[in-house]
Structure formats: C-alpha cells, structure tokens
Amino acid sequence: MNSQELASASAAALYERDTAARSLGIRVEEVAPGRASLSMTVVDTMANGHGICHGGYIFTLADTAFAYACNSRNASTVAAGARIDFLAPARLGERLLATASEVSLRGRNGVYDVVVSREDGERLALFRGNSFRIEGSVF
C-alpha cells in the first residue's frame, strides 16, 4: 500500500467510527499523508445567541481535520493541545472547509496548522494542534 492509499484507508477507518463527525454532517473531502480537508455546513442547531455559528463547532471542525491529518499514516495519534483564533463569523447555511497541514513530525510529536474558511476562500479561523502518537494503529 503506498502512502496515499494508506492515508485514504486510515481516513475511511476513522470516519466509520467517528460518530461525532458524522452526526454534525462533517465530510472528508480529501486526505493525503500529513494533510486533510473536511467540510461542514452550518445548520440552525449550531447557532449561538448572536445568530452566528458557535465557535465550538468551528473548533470541532478544525480539530477533526487535525485528527485526520495526524492519523493519516495509520499510527494512532491523539491531540496533546490546541488553540484557535477566530477571524470572522460563520453564518447559517454556509459550507465551511477546514484544511489541515503537517508543520512538523518528530518522533511521537507533531504540529499541525488548520485553516477554516468559507467556500469563497475567506478565512474564518486559524487552529494549531499538537499531536502525540500512542500505541496502536488506526486499522
């Protein structure tokens, strides 16, 4: 199995067990070694008291893309920490795209950046996650 096939198989195995992502309508758009792009449409149950998408859902989308990127080599990997900066609001009905990219992978530790944007490319949030590889494989 080449590295792209491994990334695709890892994403498929994760998604099958990822009830959180599936229940929010998060979809895997693209995966590659150390990279993943996932999408989600903002629905009314995601609105906060200001009528915009609650930041927790944007964080969840970014965190999920991070998870798929850092597990793309079939090595079980979890988050060790993460932070997010919100740049602009997401509105009901908008389709959001979170694209995660590996910045560094050394030993059991990784650093990943995720950009969350609208379909038109406007950036809504910047997320940085730190990963830690644990025992086992994704599939």
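In this predicted model, the largest nonpolar core holds 34 residues, and those that touch the most other members are Leu38, Ile58, Leu61, Ala90, Leu96, Val114 and Val116. At least two residues of this core come from each of α1 (3–17), β2 (35–41), α3 (55–70), β4, β5 and β6, and α3 gives the most, with eight residues.

What does Leu61 touch, once residues up to four places away in sequence are not counted? Its contacts are Ile26, Leu38, Ser39, Met40, Leu96, Ala98 and Val116, and among these Leu38, Leu96 and Val116 are also named with Leu61 in the list of core residues that touch the most other members.

The strands β4, β5 and β6 that supply part of this core can be followed through their pairings, which are set out below.

| Strand pair | Direction | Bridges |
|---|---|---|
| β4 (residues 95–106) and β5 (residues 109–118) | antiparallel | ten |
| β5 and β6 (residues 123–133) | antiparallel | nine |

Val115 in β5 shows how the pairings meet at one residue, for Thr99 stands opposite Val115, while in β6 the bridge partner of Val115 is Leu126. In a regular strand the side chains alternate between the two faces of the sheet. With this in mind, the reader may look at Val114 and Val116, which are both among the core residues that touch the most other members.

The turns that link these strands can be described as well. The hairpin of β4 and β5 has two residues between the strands, and Gly107 there takes a positive phi near 60 degrees. In the hairpin formed by β5 and β6, four residues lie between the strands, and Gly121 in the turn has a positive phi of about 95 degrees.

Key:
Residues are numbered from 1 along each chain as its sequence is written. This is a predicted model: local features need pLDDT of at least 70, side-chain atom pairs count only at pLDDT 80 or more; totals for chains, interfaces and linings use all residues. Side-chain values use heavy atoms; hydrogens and water are left out. Two strands pair if DSSP finds at least two bridges between them. A nonpolar core is a set of buried Ala, Val, Leu, Ile, Met, Phe, Trp, Tyr and Cys residues joined through side-chain atoms within 4.5 Å. Buried means under 20% relative accessible area, exposed over 50%, partly exposed in between (1.4 Å probe, protein chains only). Contact means heavy atoms within 4.5 Å.
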